[in-house]
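Subject: Structure for you to look at

Hello,

Here is the structure I promised. Please open it alongside this message; my notes follow below.

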Amino acid sequence: KEEAEKKAKEEAENEKQAAAEAAAAAAAAAAAAAAAANEAAKEKEEPKREPSKKEEPASVKKKETKKATAGADAKTTPAAAYGALLAKGAPAGSWMLVEPGKKKLKVVAQGEGISSLKEALALDKVLFACIAVHGVDQRNDKLSSVRTKAVQINFIGSKVKAIKRMAALRGKNEVAKVFRGIALVIDAINPDDITTKDLVQQLVAAGGAHKPSYYDFGGGEKVEVDF
């Protein structure tokens with residue numbers, strides 16, 4: 001009887017923790033959506049600048065813009081991208097990549113799966129990534145709960161020049177305004193620095209007593225929590 005009561009109490013606590021984490025994720029997504037709406041409203045209010053005679057032809061500028069935003073919609077704001085990867089029903093391993101510009105952050109890539117995220121990291125760039133890792137709890141071969149963990153990666157490529165490293169500090173301040181409700185933050189200078197094993201260990205350490213059955217990083221990459 002005591003064992004049954006203990007088990008029931010543990011399940012109740014797990015459900016309470018899952019509900020709290022779900023509420024936090026929903027709040028972060030709502031905040032990101034609100035920020036995206038405000039940003040869109042500001043852009044709409046800004047007057048369109050007339051092109052000067054010295055500017056490059058539109059065809060050239062369009063080509064450069066497409067290259068700079070490969071893998072992401074040029075109109076996607078950081079707040080909108082962040083809200084999308086935390087939205088209910090978003091696939092495990094959904095990720096976004098932003099680059100600090102002179103005035104604001106720019107979404108340079110979006111995708112799914114940690115392997116594709118690592119492939120998108122450039123050694124000569126200062127980039128900030130966020131990936132939605134799903135902590136999946138299974139009991140008796142049945143799905144019990146799924147908790148989304150937002151992991152932030154501060155990436156300063158190993159080939160970035162010292163003068164450009166200043167962008168990292170400025171970028172962190174801007175990213176903090178967009179990436180809210182982050183479960184884990186890591187730093188890296190090479191894609192190989194990012195491993196699912198290390199991420200799982202850190203997520204488990206930061207997650208308290210309750211451990212999920214496994215973490216889903218998208219693209220078929222799942223790591224069981226057996227330690």
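How many bridges join β1 to β2? Seven, and the two strands run antiparallel. Keep in mind that this is a predicted model.

**The β1 strand and its partners**

β1 and β2 make a hairpin, with four residues between them. One bridge pair to find on screen is Glu99 with Lys106 in β2. β1 also pairs with β3, again in the antiparallel sense, over four bridges. There, Val98 has Phe128 of β3 as its bridge partner.

β1 is mostly covered, with seven of its seven residues buried. Ser94, Met96, Val98 and Pro100 point one way from the strand. Trp95, Leu97 and Glu99 point the other way. Both sets are buried.

**The chain overall**

The protein chain has six helices and seven strands. Along the sequence they follow the pattern α-α-α-β-β-α-β-β-α-β-α-β-β. The chain has 227 residues, and 37% of them count as buried. It exposes about 14,300 Å², with carbon and sulfur atoms supplying 53% of that area. Take the contacts between residues at least 6 apart in sequence: 65% of these join residues at least 24 apart.

**Two nonpolar cores**

The largest nonpolar core has 26 residues. Leu97, Ile194, Leu199, Tyr215 and Phe217 have the most contacts inside it. Several elements each supply at least two residues of this core: β1, β2, α4, β3, β4, β5 and α6. Another core, of 18 residues, lies apart from it. Among its members are Ala81, Tyr82, Leu86 and Ala150.

What does Leu199 touch, leaving aside its neighbours within four places in sequence? Leu199 is in contact with Ile114, Val151, Leu184, Ile186, Ile194 and Phe217.

**Leu86 and Thr77**

Leu86 sits in helix α3, which covers residues 78–86. Is Leu86 buried or exposed? Its relative accessible area is 11%, so Leu86 is buried. Leu86 and Thr148 are 62 residues apart in sequence, yet 7.4 Å apart in space, C-alpha to C-alpha.

Thr77 is in the loop between α2 and α3. Its relative accessibility is 9%, so Thr77 counts as buried. The Thr77 side chain reaches the backbone nitrogen of Ala80 at 3.1 Å.

**Asn154**

Asn154 lies in strand β4. Why does Asn154 count as buried? Because its relative accessible area is 7%, and the cut-off for buried is under 20%. The side chain of Asn154 makes a polar contact with the side chain of Asp187, at 3.0 Å. Leaving aside neighbours within four places in sequence, the residues in contact with Asn154 are Leu127, Phe128, Lys172, Val185, Ile186, Asp187 and Ala188. Phe128 is thus named twice in this message: it is a contact of Asn154 and the bridge partner of Val98.

**Where to start**

Begin with the β1 and β2 hairpin. Then go to Leu199 and its contacts, including Ile194 and Phe217. Finish with the side chains of Asn154 and Asp187.

Best wishes

How values were computed: Residues are numbered from 1 along each chain as its sequence is written. This is a predicted model: local features need pLDDT of at least 70, side-chain atom pairs count only at pLDDT 80 or more; totals for chains, interfaces and linings use all residues. Side-chain values use heavy atoms; hydrogens and water are left out. Buried means under 20% relative accessible area, exposed over 50%, partly exposed in between (1.4 Å probe, protein chains only). A nonpolar core is a set of buried Ala, Val, Leu, Ile, Met, Phe, Trp, Tyr and Cys residues joined through side-chain atoms within 4.5 Å. Contact means heavy atoms within 4.5 Å. Two strands pair if DSSP finds at least two bridges between them. A polar contact is a pair of N or O atoms within 3.5 Å; within protein, one must be able to donate a hydrogen and the other to accept it, and residues adjacent in sequence count only if both atoms are side-chain atoms. Accessible areas come from the Shrake-Rupley method with a 1.4 Å probe; for residues, only the protein chains shown count as cover.
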